[in-house]
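Work through the exercises below with the structure open beside you. Try each task before you read its solution.

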Amino acid sequence: MTRCLISKPEVQGFIERCMTSVGTQAHHARSLAEVLVEGDHRGHYSHGLNRMDMYVKDIQTGICAKDGEPVVEKESAGTALVDGKNLLGPVVGNFCMQLAIKKAKEAGIGWVVAHGSNHYGIAGYYAMQALKENMIGMSFTNTSPLVVPTRGKECTLGTNPISVAAPAKDGDSFVLDMATSAVALGKVELHERRGDTIPEGWGCDAGGTLTTDPKKVLSGGGLVPIGGSEATGGYKGYGLGMMVEVFCGILAGAQYSKHVRTWKVTDRVANLGQCFVAINPENFAPGFDGRMSDLLSIQRGLEPADPSAPVLAAGDPERMNMKKCEEMGGIPYHINVINYMNECGKRVGVSPLLPCDNVISN
C-alpha cells in the first residue's frame, strides 16, 4: 500500500482553501478543517479528509447554508435548544459544546440540543472539548437511516454515535467514541470493492437475515446494531441507537428515524438532531480524576489473554495512532485518497494542492 505523509497544517490549509473557494466563511471552513484533521490524526480515516468532497458539494449545491451563525431558541440555567440554521455540522457542534461547558461552569451541568444541523465529523471531537475544562463531555448525533432494527428488514435508524469523555490525572482520559451499529458502512463498502466477504454480524440482506455478502447489505439490506443478531444481543445495540434518537431528533425537534434523508442523497436539507453535554465533577464527590485514573489503571494493568495484545481503555488506540503520527512527522494517507481530493481541489480552483512527494510504503 502506497501512502503519503502530510503534516496536519498542510491538510488543514487545503481543506480550508477548498471550502472557502465555494463560498464558506473563513472561520466556518476552519472549524470543519480542524474536526476532519483531528479525525484522521486519531485514526478515524472514514471521518476525515476522505469526507471533504461531501462538504464541498453541500455548500456548492446550497443544500447546506454558508452564511449566518447558530441561534439559541430557548434556554435555562443548565439547558438550551439551538437552531443550527442549516450550517456546517462542526459550526453547530462547536457553538453548542461551548455553550454546554459555559452552563456547566455555572450550573454544574449543561445539556444543549440542536436541530437544523448537518454531518459533524467524529462525535468524540465535541465530547473531548470538555476535558480541557476538567469536565465530563458527551456528544450524540442522529444520521441517515442505515441500520435495520432487531427483527426488522428496513433501515429506520442511523449509525447514531455515542461519545463520552472523562478526565483523569496528568492529562489522561477515558474517551469512548463509537457508532451504535456493529460496523461503519464504509467498512462494508471497502470489502465489496475488494471482493471480500464480511464477518457475520455486520449486516443483513433485504429480508433481514444476517449475511456475509457485502453486496446484499449494500443493495436492499442494511447494517445491524451492535451485537448482531437477537441471539447475540443485537437488541441492546438497537436500544442504544434509539436512545441516541431520543436525545437528538426527538428532544431537539429535528428529523428522526426514517424521516432523515437517505445517505448521500442531498435532495433536501438534512435537519439532523444533535446533543451536547458537559458535567462538572466538582459538583459531585471530590477526587473524581483520581478515581478515574485508578479505574483506567485497573483495566490496563490486567494480564492480557494474548501477551502481544495488551488490555486497553477507550481512547488508547487513538492515542497510539496520534503518537505514531507524531513520530512519523505527519498523517499517512492512502495515495488514492490524496489524488481524489486533489482532483476535487482542482475542480474548485484551489492552489496549492496536497503534496504527494513524501511517499512511504508499508
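Two strands count as paired if DSSP finds at least two bridges between them. Keep that cut-off in mind for the sheets. The model is a predicted one.

**Exercise 1. Pair two short strands**

Task: Find how many bridges join strand 8 and strand 9, and in which sense they pair.

Solution:
- Step 1. Locate strand 8 at residues 203-204. Strand 9 covers 210-211.
- Step 2. Look up the bridge partner of Gly-203. In strand 9 this partner is Thr-211.
- Step 3. Take the bridges together. There are two, and the sense is antiparallel. The cut-off is at least two bridges, so the strands count as paired.
- Step 4. Place the pair in its sheet. The sheet is open, has three strands and runs in the order 9-8-10.
- Step 5. Find the edges. Strand 9 and strand 10 (222-223) each have a single partner strand, so one side of each has no neighbour in the sheet.

**Exercise 2. Build the sheet around strand 1**

Task: Work out the order of the sheet that holds strands 12, 1 and 13, and name its edge strands.

Solution:
- Step 1. Start from strand 1, residues 2-6. Four bridges join strand 1 to strand 12, and the two run antiparallel.
- Step 2. Check single partners on that side. Leu-5 has Pro-332 as its bridge partner in strand 12. Ile-6 stands opposite Ile-331.
- Step 3. Turn to strand 13. Strand 1 pairs with strand 13 over three bridges, again in the antiparallel sense. Here Arg-3 stands opposite Ile-360.
- Step 4. Write the order. The three strands form an open sheet, 12-1-13, with antiparallel pairing. Strand 12 (331-334) and strand 13 (359-361) are the edge strands, since each pairs on one side only. From one strand to the next, the twist averages 40°.
- Step 5. Ask how enclosed strand 1 is. Four of its five residues are buried, so strand 1 is largely enclosed by the rest of the structure.

**Exercise 3. Describe the domain contact**

Task: State where the two domains lie in the sequence, and how much area is buried between them.

Solution:
- Step 1. Read the bounds. Domain 1 takes in 2-64 and 330-361, while domain 2 takes in 71-182 and 224-283.
- Step 2. Take the spacing. The centres, taken over C-alpha atoms, are 24 Å apart. Domain 1 gives 20 residues to the contact and domain 2 gives 22 residues.
- Step 3. Take the area. About 1800 Å² is buried between domain 1 and domain 2. Carbon and sulfur atoms give 68% of this area.
- Step 4. Pick out the main residues of domain 1. Val-35, Ile-63 and Cys-64 lose the most area to domain 2. Together they make up 31% of what that side buries.

**Exercise 4. Judge two serines**

Task: Decide whether Ser-181 and Ser-31 are buried or exposed, and list their contacts.

Solution:
- Step 1. Place Ser-181. This residue is in the loop between strand 7 (173-178) and helix 6 (185-194).
- Step 2. Apply the cut-off. Ser-181 has a relative accessible area of 3%, which is under 20%, so this residue is buried.
- Step 3. List what Ser-181 touches beyond four places in sequence: Val-147, Thr-159, Leu-223, Val-224, Pro-225 and Ile-226. The Ser-181 side chain also reaches the backbone oxygen of Val-183 at 2.9 Å.
- Step 4. Place Ser-31 in helix 2, residues 26-41. Its relative accessibility is 14%, so Ser-31 counts as buried too.
- Step 5. List the contacts of Ser-31 beyond four places in sequence: Pro-90, Val-91 and Asn-94.

Methods. Residues are numbered from 1 along each chain as its sequence is written. This is a predicted model: local features need pLDDT of at least 70, side-chain atom pairs count only at pLDDT 80 or more; totals for chains, interfaces and linings use all residues. Side-chain values use heavy atoms; hydrogens and water are left out. Buried means under 20% relative accessible area, exposed over 50%, partly exposed in between (1.4 Å probe, protein chains only). A polar contact is a pair of N or O atoms within 3.5 Å; within protein, one must be able to donate a hydrogen and the other to accept it, and residues adjacent in sequence count only if both atoms are side-chain atoms. Contact means heavy atoms within 4.5 Å. Axes are lines fitted to C-alpha atoms, for helices over the stretch in contact, and angles run from 0 to 180 degrees between N-to-C directions. Domain bounds come from an automatic or database domain assignment. Buried area is the accessible area (1.4 Å probe) that two parts lose on being put together, summed over both.
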